[in-house]
Structures are given as structure tokens and as C-alpha cells.
Amino acid sequence: MTYGAEIWGPPLIAAAGSVIGGMGKKETKMQKTQRKLIDELLGSLSGQGRFSDLYNPSPEAFQRSFVEPAQSRFQNQIAPQIQQQFIASGQQRGTGLEDQLTRAGVDLNSMLNQQYYQFQQDALNRKQGTIGSILGAGAGAPPQQSALQNFGSGLAGYTSTPDFAKQFQSMFAKPEATATTAPSTQVGVLKRKGYE
């Protein structure tokens, strides 16, 4: 006759060990850092936060980074080179020089417009990449286990072994009655030789 202990005992004890082992989970330092960074990135996507300049292109930043250096190079290098070529060929007083300088200026504006478009596209790509990374991010580093969790895991592992199941069954099994008994011997009685 079975009492169900051999069937339900080990799984119930293993489940209890898992419950005890799962108590007290807390956020790790790495998970906390990840969460804070994600919060900052999400705030920056809307234009507020310390990373907002990565995602929201500023016309002033483009002016400082691209337009001003390109115009300075044009005025200090390209225009003087064009003038030198016309002076060397003796055509410094004509519409050819003005036409050539005008075309170079138009080319410069066209190049700056393309760079501004690329500047905006790069910011949009960074925004999309960040959103994709945030959505694809896992839970971070696994949580650290406390001593109680380690004890619970060990207990759950031990209680799920076949040896424990046998021990658990034997605790609830009825003792078997035996028909044979061991011969009784008297303790403390010495047999002497010659006298029986």
C-alpha cells in the first residue's frame, strides 16, 4: 500500500526549496547602471537629456562644424588659387574669373546642403539604432544569489535525487513483519570447561 509520499514527496520538497531559493532577488549594480542609462537615452531621444545632441541635430552645431570651416577654406585657399590661375594666364580682368568663382561658390553651397542632409540622416539613424538597442536589450547581468538562495538551490538539487526519494519513501513505509527471529543468547553467562 502506498501513501503517495513516494510520488509527491520529492517534487513538493524540490518546489519548496525553489520557492525558498527564489526569495530576496534584487537588482544588481550592472542592472541598475543599465536601467539608468536607458532612462537617460530615452529622455535624450525627445530632446531632453545629456545625449540629446546626438539625436537632435542643431543647425548651430552644423554651422560651427561644417559651414564656417568650408567657407574659410574657400576664401583662404580655393578662391586665391582660382585667381592665381587667371592671373598666370593673363585673364584677371574678365568675366571668366567671376564665372569660375561663382561656380565654385555654387558647388560649395551644393556640397554643404548635401552634408546638412547627411548630418540630419545620421542623427535619425542614431535615434533608430538606439531605440532598436533598447528594445532588444535583455535583462542585463544575471542577479547575484544570496546565501539563502544558494541553500535553497542546493536543497532543491538534493531533494530531487533518487537516493533522497528512497529515503523519503522508507520514512513512510510500514515496517515489514518477519517470521524468523534471531536466537537469543544470554549476555554475561560464561561457559566453563568440564561443567555443563
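In this predicted model, the buried residues of helix 4 pack against helix 5. Helix 4 spans residues 59-88, and its buried residues are Ala61, Phe62, Val67, Ala70, Phe74, Ala79, Ile82 and Phe86.

The two helices also meet in the largest nonpolar core, which has 13 residues. Helix 4 and helix 5 are the elements that give two or more residues to this core, and helix 4 provides the largest share, with eight residues. Within the core, the residues with the most contacts are Phe74, Ile82, Leu108 and Leu112.

Phenylalanine 74 deserves a closer look. Besides being one of the buried residues of helix 4, phenylalanine 74 marks the centre of a kink of about 40° in that helix. Once neighbours within four places in sequence are set aside, its contacts are Ala79, Pro80, Leu101, Ala104, Gly105 and Leu108. Of these partners, Leu108 is itself listed with Phe74 among the residues with the most contacts inside the core. Just after helix 4, the backbone offers another feature to look at: glycine 90 takes a positive phi of about 80°.

Attention can then turn to helix 5, which covers residues 95-136 and holds threonine 130. Is threonine 130 buried or exposed? With a relative accessible area of 13%, threonine 130 falls under the 20% cut-off and therefore counts as buried. Not counting residues up to four places away in sequence, threonine 130 touches Leu41 and Tyr55.

Definitions and conventions. Residues numbered from 1 in each chain as written. Predicted model: local features only at pLDDT ≥ 70, side-chain atom pairs only at ≥ 80, totals over all residues. Heavy atoms only, no water. Helix = DSSP H or I, 4+ residues; strand = E, 2+ residues; numbered from the N terminus. Buried < 20%, exposed > 50% of the residue type's maximum accessible area, 1.4 Å probe, protein only. Contact = heavy atoms within 4.5 Å. Core = buried A, V, L, I, M, F, W, Y, C linked by side-chain atoms within 4.5 Å. Bend = angle between axes of the 7 residues up to and from the residue.
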